[in-house]
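Colleague: Please show me the model, and let us then go through it in questions and answers.

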Amino acid sequence: MLRLLKTALAATAGLTISAGALMAGPYDDYAGTTLVVNFPAHPHYNAVMQILPEFTKETGIEVEVDQLPYLKMRERQTLELGQDEGEYDLIAYVVFSKADYVYADQLENLARYFMNPKLADPNYDADDLIDGYVYNIGFAGGNKGYLEGKTGSLFGIPYGSETSILGYRKDIFEKHGLEVPETYDELLEIACKIPELEPGMGGLSSRAASGHHASHAFLLHLAPLGGRIFDDQWNPIVNNEAGLAAANALKTIVDCGPEGAASFGFGEALGSFLNGDTAMFLDTTVVAGQIDDPAKSKVVGKVGWALHPMGVRRGSQTGGFGIGIPKNAENKEAAFLLMQWLTSKTGDKLVALAGGNPSRFSTHADPEVNAKFPHMATFGEALKHADPDWRPIIPVWGKINADLGTTLSKVLTEDLDIQEALDGVADRTRALMDEAGYYTWN
Amino acid sequence: MAETRHDRRNDGQHPAFYALLAALIFMSVGPIALMFVNSFKLDVDIISGTSGLLFLPTIQNYQTALCDILWFELEHLDFCALKFGGAFINSLIITLISTVLTLVIGCMAAYALVRFKFMGRDTASLTTLMVRMVPPAVLLVPVFGLWNNEFCIGKETLVGEWIRDTFGGRGDVCLAGTHAGIILIYVAMNLPFVIWILQSFIVQVPRQLEEAARMDGASPYQVFFLVVLPLIKPGLAAAAIFTFRIAWNEYLLASALSDRNTKTVPILIVNNMSEFNVEWGVIMATGMLLAIPPIIFTLLASRQIITGMTAGAVKG
Amino acid sequence: MRTAALNRLTPYVFMAPAAVVMIIALLYPLLYMVYGSFRDWDPSQTISETDFVGFRNYITLFYDPSFRESLSVTLRFAFAVVTVEMVLGVGLALLLDRKIRGMSVLRTLFILPMMIAPVVVGLMWRYMYHPTVGTFNRFLKSLGLDGVDWLGQHALLSVIIADIWQWTPFIFILSLAALQSLPQSALEAARIDGATGWQQIWHIKIPLMMPVLIVTCLLRLIDAFKVLEVILVMTEGGPGLSTEILALRISRTATEFRELGVAAAMSNYLLILLLVLTAAMFGYTKIQEARAARLRAAAEKDV
């Protein structure tokens, strides 16, 4: 795997050296600059770490990376972006941070950079970026403030696009003649059938730990089952029938899941799938690399991939990270060059080959990438069904998310009544939204 | 039962008594031993449950942890994600300096509180006692705000400019993100405890010794440094170990105050429990590395530790 | 003349460094916190940019069910660990108070757990409690029993057990020291009078140890409110809020929810709680001390 990557790197390096000899390159002014960037500890950005030396070789721009777990990273950024002069030149942000940062006027509008002929690469081909993600992660100020719309503009570029996908054990499904679930009814049925067929094995490993994890797992089921957190007037509708169905689905999955599932974070959920303790895994696409890594996984070669099952509609997760330039950065132009390089066709392909999650249509269709990662075609298909309104990306979401997460965790561990729990969430959400001014125009 | 109680000075004990002792030792050392053993296993071995001692020990986890200070590149790593070496050095700097400072400042204050009558002594004594109970979590918010925003030197001022020219970095020079910032809060947090312990040792120094020295013409400072300090060495050792332990192990405040260059080991360990990949082997190895200095201290100086612990409660 | 002035200044010179450090880094921050608790304060603002909101933070918290639950978790945790540790620690001290070869080695091994970083203790126990790969469940399964959902349904209990593991030795060591410094005469007298083991323990040893036990108990209680890292690493406060002690909630409110004002108000509630507890314990100590003095006098008279 490394060898292949190195050949690819050598090839690109050769190209740029010959091109650079001919004319003064766009990077010359910035050679020798050191960029300080803040990336999450995350499989995609681990792949990025592997291709960064290539960027330095090509441009002469040094990159110093501060890698943090993503919730920590957000805390750090809150602090850094609030200063008059910040340490970071380029940051990766979790999709739901977009609202906070843009609203607090802490991210650069990218228009100025894409307009600058000295900086913008004419071959960048922005149309090749997957639309849903550009709007979901990079765009702000459109419809509802966070969706595509005529009033919006671009503040970041998606990098590390994730969606949800169903991984299943081909050997187990074959052994018992099970069909890969297409709908939610089938999914839940199989999830609870597996512990009967294979004693000691859980159906589907899902994250469910208190807080962000539980909330995330709930959202995974909410969109396909036709639910939303808010209606179009910002009224909380999380406690309607669809919400109830999603919470029930989560409870069923956890009950039929592996032992201790109610306290699983993402790591534990993935761990039990890697260890062969469960037959299915329904979560983000970033896990593919680890599932194929024999040092971490006991199920190499046994896992098949399918689209996130349908409830009343297709609605897989939109999530992942974007990269943007803080308003208080020191080397904004060099940071833009790095951002452009990383998200360019070359950069996207390199990172895909190193095990990252590409954000371009062309990379998903690339034969070389597909040859190395056969699942890439399915992942590309899944990205098309990604639901841009999967969660509301508004500044108060952090609090709602935390409340939803702890309340659902109580449903899972303390047998709190689901309707009662969701009603409570809806009430508290309404109060929060009222305080934040969302009902001013009603 | 009745017999064993009476022969207190006898070595002959009931076998059940030794069983109890063995069980206690097993319980207190077992988890540590377990971590030690696991730090030499590959993740696959830990997860698949090759239990007991039947495994091939590997130092790969330690290599992964220390990759930033190893002089050779590691085959099994694509890049060095954990910067344990750097964090270890930060931990050392912060812990050693704050321990020394706390001890010097603390024993001076303890001496003053025990030996002199002066205005405000009772207030000082009471305040010291009261702030001992303040949990670090309570300090989190104000320290975060002050260290980041108030305790700063403008970068236009002479000192600020000099610091920025010499050490680099951007913006106003604030305490947050520096070693000094973390050291200051550790010294402050540990002082009440150190003063409290040392008081009980200083009280025991015979007054006559000090008075004799004074008669020979020594100043109060000479008395303190040449007569009192040597006599309370065991107390100083105990206080040093406790200060060291708190500064070395502290997580919460360090995580709020440190930046990427001043991270300490506990922060690194918590960060490394990243949700995407629980690498038990490496985590156990980093945990072991963090635990080794306190374990060594305990084995070397358990007597001082126990005196220190009992000094305040039993004698005071 | 000059030396006299210098001598009069001596105590202040000795006190000055400690006073300066503690005022700058403890007392001023505490005042700052009280001030901040009356403000609507976001981490990206300096405190001068914040708005005064009166008692709003305190009132919000008072009616906030999550805060109340967190408070109750904190109290349950603190009282559970202190009670169990006191009983176990004192019990072990009474049992092991005899001349054994290698007692010092034993004590050394016992204090190891509390010298190790809470972060490391947390991760050790998190591993041992792990539902599938953890030591406990593997052991249970090897006996043919069902595994226990340690950090799920029994999270608070699991966290309490870990704390008991770490801190019982503290109480054991202190009680042992207290036991060994008891006046031998009183014990001898009781023995001659034919007091049984239990009578000696209940009527002589425990009352005489009382002052030390109370201080020990108070120290443990204060420390129990400081626990944070062990729980953070083991459960992050979950599931639900079942292990979210106040210290953890303060830290989450400040960093995750970004409400420094509310976190400051919460810190104040915690401080007040600790003050009340300390004061109560001190009052109780005074009463007990008087009683112990009477008892001691009585015991001496018997001789």
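Colleague: In chain C, which helix has the lowest confidence and which the highest?

Modeller: This is a predicted model, in which local features need pLDDT of at least 70 and side-chain atom pairs count only at pLDDT 80 or more, while totals for chains, interfaces and linings use all residues. Residues are numbered from 1 along each chain as its sequence is written, and chains are lettered from A and ligands numbered from 1 in the order in which they are written. On pLDDT, the predictor's confidence in each residue from 0 to 100, chain C has a mean of 83, with 96% of its residues at 70 or more. Confidence in chain C is lowest in helix α8 (residues 184-192), at a mean of 79, and highest, at 90, in helix α3 (residues 65-96).

Colleague: Which helix gives the largest share of the side of chain B that touches chain C?

Modeller: Counting residues as in contact if their C-beta atoms, placed from the backbone, lie within 7 Å, this contact takes 76 residues from chain B and 73 residues from chain C. The side of chain B divides into 60 nonpolar, eleven polar and five charged residues, where Ala, Val, Leu, Ile, Met, Phe, Trp, Tyr, Cys and Pro count as nonpolar, Asp, Glu, Lys and Arg as charged, and the others, Gly among them, as polar. The largest share, 17 residues, comes from helix α15 (residues 280-315) of chain B.

Colleague: How do the residues of the side of chain C that touches chain A divide?

Modeller: That contact takes 19 residues from chain C and 24 residues from chain A. The residues on the side of chain C are six nonpolar, nine polar and four charged.

Colleague: Is α9(A) parallel or oblique to α10(A)?

Modeller: Helix α9 (residues 212-222) and helix α10 (residues 241-255) of chain A pack with their axes 8 Å apart, at an angle of about 120 degrees. Angles under 35 degrees count as roughly parallel, over 145 as roughly antiparallel, 65 to 115 as roughly perpendicular and the rest as oblique. The angle therefore makes the relation of α9(A) to α10(A) oblique.

Colleague: Which residue stands opposite A:L204 in β9(A)?

Modeller: Four strands of chain A form an open sheet of mixed pairing, in the order β8-β9-β7-β10, where two strands pair if DSSP finds at least two bridges between them. Strand β8(A) and strand β9 (residues 278-284) of chain A pair in the parallel sense over three bridges. Opposite A:L204 stands A:M280.

Conventions:
Axes are lines fitted to C-alpha atoms, for helices over the stretch in contact, and angles run from 0 to 180 degrees between N-to-C directions. Helices (H or I, at least four residues) and strands (E, at least two) are DSSP runs, numbered from the N terminus. Two residues are in contact if their C-beta atoms, placed from the backbone, lie within 7 Å.
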